[in-house]
Amino acid sequence: VGTARRRRMAASYEYEYEEHDGRYDDPEDGDGSFDDRIATTGLHGFSGRPYVPPASSADGSGPSFGDNMESHFVVPRRLRDKPYELIEAANDWHYAMMNDLPRNEFYRSALRQLITPESFVLEIGAGSGLLSIIAASLGARRVVAIEANMHLANVARQIIHANGYGDRIHIINKMSTDVSPEELAQYGGRPTLLLSEILGTLLLGESALHYVADARRRLLGPGGAVVPPRGAQFATLVESFDIASITSVKSWEGISLDYFNSLQDTTSMVFTKQYGFRFSSAAYTELAPRTPVLAIDFSADEVGVWGGESRTTLRATRAGTVHAVMASWEVYAGEADALCMATHPDATLGNFPRDMQWGQGLQLIEDTSVDGAKPVPFVVQEGELLTLVTRYSVDGVTLQFELLRGASSEE
């Protein structure tokens with residue numbers, strides 16, 4: 001998988017399911033493609049297709065950055081032939097990602113515990129090549145970095161050579177799903193460690209499990225390690241009149257505007273970056289403890305582990321109005337998961353780049369037990385038992401919350 005993607009601005013309708021390589025591929029033609037592998041593992045009709053990174057070589061040709069600009073605008077020669085979506089992604093979040101220093105340290109600390117002079121590291125979604133360079137700097141014998149975007153792969157090669165690792169890090173410009181074990185064998189056997197950072201604002205928002213599970217099954221050697229090995233999607237009930245002020249209306253100067261709330265979207269997951277703010281900068285109150293709604297074992301789980309729907313019983317810790325459910329995540333590594341990287345607002349408060357590349361997801365909440373022309377606010381009392389329903393899209397890349405009163409009978 002490649003990384004050129006507006007991971008922070010995507011919604012479920014932006015994902016491309018049908019043409020993973022720019023053309024339709026018969027899922028039963030037996031040509032060994034990723035479509036066939038999905039078909040033979042029974043994932044068609046349940047898991048959905050994983051998204052394809054925009055501007056990747058598998059995504060087909062798109063407009064160049066120069067072609068996308070008006071003819072009288074000045075475009076530097078270095079940018080003219082680059083895919084528009086690649087430049088957009090690089091400037092939208094790649095710089096923030098590389099400057100998320102605790103993120104880089106998380107990966108270095110995790111790899112330091114696993115890499116030996118005999119390690120053969122395979123990275124999928126290499127981007128700039130930074131994580132591959134970290135692996136090589138820690139003494140890995142060989143590193144192969146897979147990057148689907150041709151231009152990004154060339155940038156990674158330049159960075160790798162500039163840092164003196166050209167003889168130990170090799171770039172493959174393909175989708176990871178199109179790389180064969182035989183192709184990797186020429187670099188010295190089977191990889192002993194699978195490395196990736198293809199996490200979105202939602203934990204599985206970039207189809208991380210689709211790509212990691214595929215590479216783990218087909219490419220990783222027996223007993224190989226996966227970094228990161230585990231993660232969890234969390235949900236938090238929040239009251240925030242700052243959020244309410246940009247998502248609802250009451251009145252102005254005695255003029256009732258309340259009926260405009262009949263258009264309020266309490267269905268979709270929206271990322272804080274789409275709203276244009278850092279959640280940690282908004283005034284908010286947590287009305288119930290942050291709770292995990294999905295645990296992922298990247299070293300063992302298969303696509304579909306989310307299972308469609310889950311129910312979690314919560315107890316309100318204070319009275320208030322649940323304006324939204326906030327989605328954030330954690331990933332773990334190291335002995336007893338001692339290493340943790342998170343996107344909770346308290347974890348990103350002092351990390352501006354992390355909020356700009358990941359941020360959090362927000363879904364507005366209404367009391368669905370009351371049907372009417374306008375949404376009814378969900379007011380809770382301290383100590384009240386609630387059920388949080390989490391519904392996953394068929395591909396697992398997005399989710400939807402519903403809040404109900406009373407404890408879940410399924411727990």
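**Note on the predicted model: sheets, helices and selected residues**

1. Helix α8 (residues 208-218) lies across β1, β4 and β5, and runs at about 165° to β4. The coordinates under review are those of a predicted model. Ser 207 is placed in the loop between β4 and α8. This residue has a positive phi of about 55° although it is not a glycine. With a relative accessibility of 1%, Ser 207 counts as buried.

2. On the chain as a whole, the model has twelve helices and 19 strands. Of the 411 residues in the chain, 54% are buried. Among contacts between residues at least 6 apart in sequence, 76% join residues at least 24 apart. The exposed area of the chain is about 17700 Å², and carbon and sulfur atoms supply 52% of that area.

3. The strands that α8 crosses, β1, β4 and β5, belong to an open sheet of five strands in the order β3-β2-β1-β4-β5, with parallel pairing. Its edge strands are β3 (169-172) and β5 (225-227), each of which pairs on one side only. From one strand to the next, the twist averages 20°. Within this sheet, β1 (residues 120-124) and β4 (residues 193-196) pair in the parallel sense over four bridges. Val 121 stands opposite Leu 193 in β4.

4. The loop after edge strand β5 also deserves attention. Pro 228 has its place in the loop between β5 and β6 (230-239). The peptide bond from Val 227 to Pro 228 is cis, with omega near -5°.

5. How many of the eight residues of helix α5 are buried? Six are, and the helix (residues 130-137) is thus mostly covered. The buried residues are Leu 131, Ser 132, Ile 133, Ile 134, Ala 135 and Ala 136. They pack against α4 (101-112), β1, β2 (142-146), α6 (150-162), β3 and β4. Just after α5, Gly 139 takes a positive phi of about 105°.

6. A further open sheet consists of three strands in the order β12-β18-β19, and here the pairing is antiparallel. β12 (309-315) and β19 (399-405) are the edge strands, each pairing on one side only. Direction ignored, neighbouring strands of this sheet are turned by 25° against each other on average. β12 and β18 (residues 385-392) pair in the antiparallel sense over seven bridges. Thr 312 stands opposite Leu 388 in β18.

7. Five aromatic pairs are present in the structure. In one of them, the rings of Phe 65 and Tyr 84 have their centres 5.9 Å apart and their planes at 15°; the pair is stacked because planes under 30 degrees apart count as such. Phe 65 lies in the loop between α1 (34-40) and α2 (77-80), whereas Tyr 84 lies in helix α3 (residues 84-98), so the pair ties together parts that are 19 residues apart in sequence. Phe 65 counts as buried at 14% relative accessibility, while Tyr 84 is partly exposed, with a relative accessible area of 25%.

8. Phe 279 and Tyr 284 form another of the pairs: their ring centres are 4.6 Å apart and their planes stand at 50°, so this pair is tilted. Phe 279 is buried at 0% relative accessibility, and Tyr 284 is partly exposed at 27%. An aromatic ring is also involved in a contact of another kind: Arg 405 lies over the face of Phe 378, at 4.1 Å from the ring centre.

9. Is Asp 100 buried or exposed? Its relative accessible area is 0%, and Asp 100 is therefore buried. The residue lies in the loop between α3 and α4. Leaving aside neighbours within four places in sequence, Asp 100 is in contact with Asn 351, Pro 353, Arg 354, Gln 357 and Trp 358.

10. A last backbone point concerns Asp 337, which has a positive phi of about 55° although it is not a glycine. Asp 337 lies in the loop between β14 (324-333) and β15 (339-342). At 27% relative accessibility, Asp 337 counts as partly exposed, whereas Ser 207, at 1%, counts as buried.

Key. Residues are numbered from 1 along each chain as its sequence is written. This is a predicted model: local features need pLDDT of at least 70, side-chain atom pairs count only at pLDDT 80 or more; totals for chains, interfaces and linings use all residues. Side-chain values use heavy atoms; hydrogens and water are left out. Rings of Phe, Tyr and Trp (its six-membered ring) pair if their centres lie within 6.5 Å; planes under 30 degrees apart count as stacked, over 60 as edge-to-face and the rest as tilted. Helices (H or I, at least four residues) and strands (E, at least two) are DSSP runs, numbered from the N terminus. Buried means under 20% relative accessible area, exposed over 50%, partly exposed in between (1.4 Å probe, protein chains only). A charge sits over a ring if NZ of Lys or CZ of Arg is within 6 Å of the ring centre and within 35 degrees of the ring normal. Contact means heavy atoms within 4.5 Å. Accessible areas come from the Shrake-Rupley method with a 1.4 Å probe; for residues, only the protein chains shown count as cover. Two strands pair if DSSP finds at least two bridges between them. Axes are lines fitted to C-alpha atoms, for helices over the stretch in contact, and angles run from 0 to 180 degrees between N-to-C directions.
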